[in-house]
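Please work through the following exercises with the sequence and the structure at hand. Each task is followed by a solution in steps.

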Amino acid sequence: MTAPIIRTRQELREMTNAWHRAGETIGVVPTMGALHDGHLSLVARAKEMSTHVIVTIFVNPKQFNNPDDLANYPRTEHEDARKLERFEVDAIYVPDGAQMYPDGFATNISVSGLTDVLCGAHRAGHFDGVATVVTKLFTQTAADFAFFGEKDFQQLQVVRRLARDLDLGVEVVGCPTIREMDGLAMSSRNLMLSDQARSRASALNEVMEEMADALGQGAAIADLLPDAQARLAAAGFGDIDYLEMRSNDTLTLLERATAPARLFAAVFMAGVRLIDNIDVPLAR
Ligand code: AMP
């Protein structure tokens with residue numbers, strides 16, 4: 001069954017009011033479209049936890065710090081709706097820019113601390129854009145649950161923080177990263193890679209897994225970085241924005257895995273910025 005595509009806040013509000021009046025719950029899966037199995041895993045989890053599921057598709061201009069990246073971002077609404085058919089979601093909400101940011105829009109949501117590092121340090125304004133749009137999507141969809149991927153772990157922690165800080169009444173549910181067979185984390189951006197760049201990109205996960213193993217055995221990350229950087233360069237990766245270990249909850253930089261931690265990377269392959277993160281076992 002094709003889910004109805006809703007384009008206005010008013011239409012959405014009529015649906016969500018009726019559901020809440022009936023005592024039913026609403027789960028939202030915010031996306032920027034170009035849906036892949038990573039997104040669909042969030043939809044499956046949402047279906048398990050909520051009576052009604054709304055998938056949102058909005059390529060949010062406020063979270064892009066590079067105009068070319070925004071222009072090149074894949075837009076595949078028709079295909080996306082088809083991929084969602086088997087999940088029987090209740091609505092696909094596809095607002096346009098005027099629905100989200102009407103004339104005179106002047107409010108900015110900014111989460112401090114967590115956004116100072118990693119992608120926050122490399123993409124000016126990115127997390128303000130995310131926090132602002134997510135807050136609006138939560139209120140517009142009247143969601144009880146919201147599903148986010150660990151693929152964007154920093155984003156997940158930022159959204160958890162803002163939902164708590166602003167009493168949004170939404171339970172934020174984190175879902176594991178879904179990967180391609182060769183280990184590359186699924187991402188809409190993978191569509192921008194040539195076949196050759198795509199096959200080389202699997203080295204990122206390989207290098208990160210080996211680093212995580214060594215960190216779990218007590219290694220210091222500084223001792224692992226030269227070899228990791230050389231292997232990424234040999235595989236064809238260009239600039240590395242970051243390759244760091246940080247604590248799960250506060251994203252504090254760690255030299256050794258002395259607290260629950262993840263290894264985070266943002267690297268360029270053929271001009272496409274790929275991010276990934278994996279769990280690091282506590283050092284023995
Ligand atoms: P995006 O469309 O890239 O903004 O992603 C929408 C949601 O899907 C975010 O919560 C992402 O973290 C999540 N997501 C993207 N890729 C994956 C993946 N490979 N595995 C799990 N979740 C993902």
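**Exercise 1: Aromatic rings**

F58, Y101 and F105 are linked into a cluster by ring pairs. The model is a predicted one, in which local features need pLDDT of at least 70 and side-chain atom pairs count only at pLDDT 80 or more, while totals for chains, interfaces and linings use all residues. Residues are numbered from 1 along each chain as its sequence is written, and side-chain values use heavy atoms, with hydrogens and water left out.

Task: State how many aromatic pairs there are, and describe the pair that F138 and F148 form.

Solution. Step 1: Rings of Phe, Tyr and Trp (its six-membered ring) pair if their centres lie within 6.5 Å; planes under 30 degrees apart count as stacked, over 60 as edge-to-face and the rest as tilted. By this rule the count is five aromatic pairs.

Step 2: F138 and F148 are edge-to-face, with 6.2 Å from centre to centre and 70° between the planes. This pair links distant parts of the chain, since F138 belongs to helix α7 (residues 126-141) and F148 to strand β5, 10 residues apart. Helices (H or I, at least four residues) and strands (E, at least two) are DSSP runs, numbered from the N terminus.

Step 3: Buried means under 20% relative accessible area, exposed over 50%, and partly exposed in between (1.4 Å probe, protein chains only). F138 counts as buried because its relative accessibility is 3%; F148, at 4%, also counts as buried.

**Exercise 2: The sheet of three strands**

Task: Determine which strands stand at the edges of the sheet β7-β8-β9, and which helix packs on the sheet.

Solution. Step 1: Two strands pair if DSSP finds at least two bridges between them. The open sheet has the order β7-β8-β9, and its pairing is antiparallel. β7 (237-247) and β9 (272-280) each have a single partner strand, so one side of each is left without a neighbour in the sheet.

Step 2: Direction ignored, neighbouring strands of this sheet are turned by 15° against each other on average. Axes are lines fitted to C-alpha atoms, for helices over the stretch in contact, and angles run from 0 to 180 degrees between N-to-C directions.

Step 3: Helix α10 (residues 203-216) packs on the sheet and touches β7, β8 and β9, its direction making about 30° with that of β9. Contact means heavy atoms within 4.5 Å.

Step 4: Between β7 and strand β8 (residues 261-269) there are eight bridges in the antiparallel sense. L243 has A265 in β8 as its bridge partner. Helix α11 (residues 221-234) lies across β7 and β8 and runs at about 150° to β7.

**Exercise 3: A lysine in a loop**

Task: Locate K151 and decide whether K151 is buried or exposed.

Solution. Step 1: K151 is placed in the loop between β5 (145-149) and α8 (153-165).

Step 2: Lys and Arg count as positive and Asp and Glu as negative; His and the chain ends are not counted. A salt bridge is a side-chain nitrogen of Lys or Arg within 4 Å of a carboxyl oxygen of Asp or Glu. K151 is buried yet has no salt bridge, and D152, the nearest side chain of opposite charge, is 4.3 Å away.

Step 3: Leaving aside residues up to four places away in sequence, K151 touches T177, A185, M186, S187, I275 and N277.
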